[in-house]
Amino acid sequence: MILTFNELSCNKDFLDNKSARNLINNFILLMKEIENQNILDECILTEDFFASDNISNYNFSKWLKDDSVDRIHKQFFRRFMDKRCTYVGASNVNGDFSIIIGEKKYESIGCAFAIERETDILSLPTNDAWNHGSLTGEYVTIANDFDDEILDFKNVVLNNIPTTTSIDAIIAKYKKELQNNITSGQDLWESREKLYPNLIFCSNVKNQLFEDSEKFHIISVMKKLNEFQKYFSEYDGKYDPNKLGMGARTESESVKKNPELRNLRLFTKPDGTKDYFYDHVGFNGKYSAGRIHFLPDDKKRMCYIGYIGRHLPTKKY
């Protein structure tokens, strides 16, 4: 996820000096929550983020020097800026973005950058314009028409995330966008930790997924993994197949007592130990009967995924 900060939301016309400290505190706390979820790749700030004449008198620079601000929050923000933030200026954009609020026109380099790089914007809730999930304005570029240069005007809508947005809503939005971009088993494997933090995938699953290049089949797998993640994110250490749903079941005694069939369900976990993965759910896809074999870990309150593929042999199948 890449977020571009909407510098207009801390313009002196909107950011009241009395409420600025709390608004910035909330911004920092949200960034800390996002950072803890490991879903942010980069935060884009304008070059004049700390020094613009348009910024409120109480700004981020004043916040960093404010003795009443928690020192731990200041330390986090300094590390965050060094690790996650990139600064852009007028030379980094090809067009101009503007929005009219009241009777005044405001221009934003950050919003222009977000349009061109297709990122969401992040706004302090200092005006009703920044309090919604979208922001509408005008984007102007210079286009060449044979020998003449003409201005190209477009009305544009930006995805906006107010800093009052809950972390759960941001995570859900991020995961939805990430899943929409997955088109193969390799994509799914590379995104597994961000999408499914409560699932642990055994190494052999990698090869099974890499051999899968059909999007509709991977979508079927993801639908099942989403249900696993939902269940094990709230896992109390007492596995209940009925609460997990999806027709979750274990193998028959005839499979468990047959050495050849039993060994087909023996998989190596990431720590090198081996275990039998009898529990499974079915899924539809290019296989007539797909299976996901899994093993709940009651102590870690997570779940191992040991196999994703065709129905494993039984005496009847």
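**Close-up 1. Helices α5 and α6 pack at an angle of about 175° in this predicted model.** Helix α5 covers residues 167–180, and helix α6 covers residues 185–195. Their axes lie 11 Å apart. The angle is over 145 degrees, so α5 runs roughly antiparallel to α6. From α5, the contact uses Tyr-174, Lys-175, Leu-178 and Gln-179. From α6, it uses Ser-191, Lys-194 and Leu-195. Sorted by class, the contact of α5 with α6 holds 3 nonpolar, 2 polar and 2 charged residues.

**Close-up 2. Strand β6 is covered on both faces.** The strand spans residues 120–123. Asp-120 and Leu-122 lie on one side, and both are buried. Ile-121 and Ser-123 lie on the other side, and they are buried too.

**Close-up 3. Strand β1 pairs with β6 in the parallel sense.** Strand β1 is made of residues 2–5. The pairing has 3 bridges. Phe-5 stands opposite Leu-122 of β6. Leu-122 is one of the buried residues of that strand.

**Close-up 4. Helix α4 has a cap at its N-terminal end, formed by Ser-108.** A side-chain oxygen of Ser-108 sits 3.4 Å from the backbone nitrogen of Gly-110. The helix itself covers residues 109–117. Gly-110 is among its buried residues. The others are Cys-111, Ala-112, Phe-113 and Ala-114.

**Close-up 5. Glu-118 follows just after α4.** Its phi is positive, at about 55°.

Conventions
Residues are numbered from 1 along each chain as its sequence is written. This is a predicted model: local features need pLDDT of at least 70, side-chain atom pairs count only at pLDDT 80 or more; totals for chains, interfaces and linings use all residues. Side-chain values use heavy atoms; hydrogens and water are left out. Buried means under 20% relative accessible area, exposed over 50%, partly exposed in between (1.4 Å probe, protein chains only). Helices (H or I, at least four residues) and strands (E, at least two) are DSSP runs, numbered from the N terminus. Two strands pair if DSSP finds at least two bridges between them. Axes are lines fitted to C-alpha atoms, for helices over the stretch in contact, and angles run from 0 to 180 degrees between N-to-C directions. Angles under 35 degrees count as roughly parallel, over 145 as roughly antiparallel, 65 to 115 as roughly perpendicular and the rest as oblique. Contact means heavy atoms within 4.5 Å. Ala, Val, Leu, Ile, Met, Phe, Trp, Tyr, Cys and Pro count as nonpolar, Asp, Glu, Lys and Arg as charged, and the others, Gly among them, as polar. A polar contact is a pair of N or O atoms within 3.5 Å; within protein, one must be able to donate a hydrogen and the other to accept it, and residues adjacent in sequence count only if both atoms are side-chain atoms.
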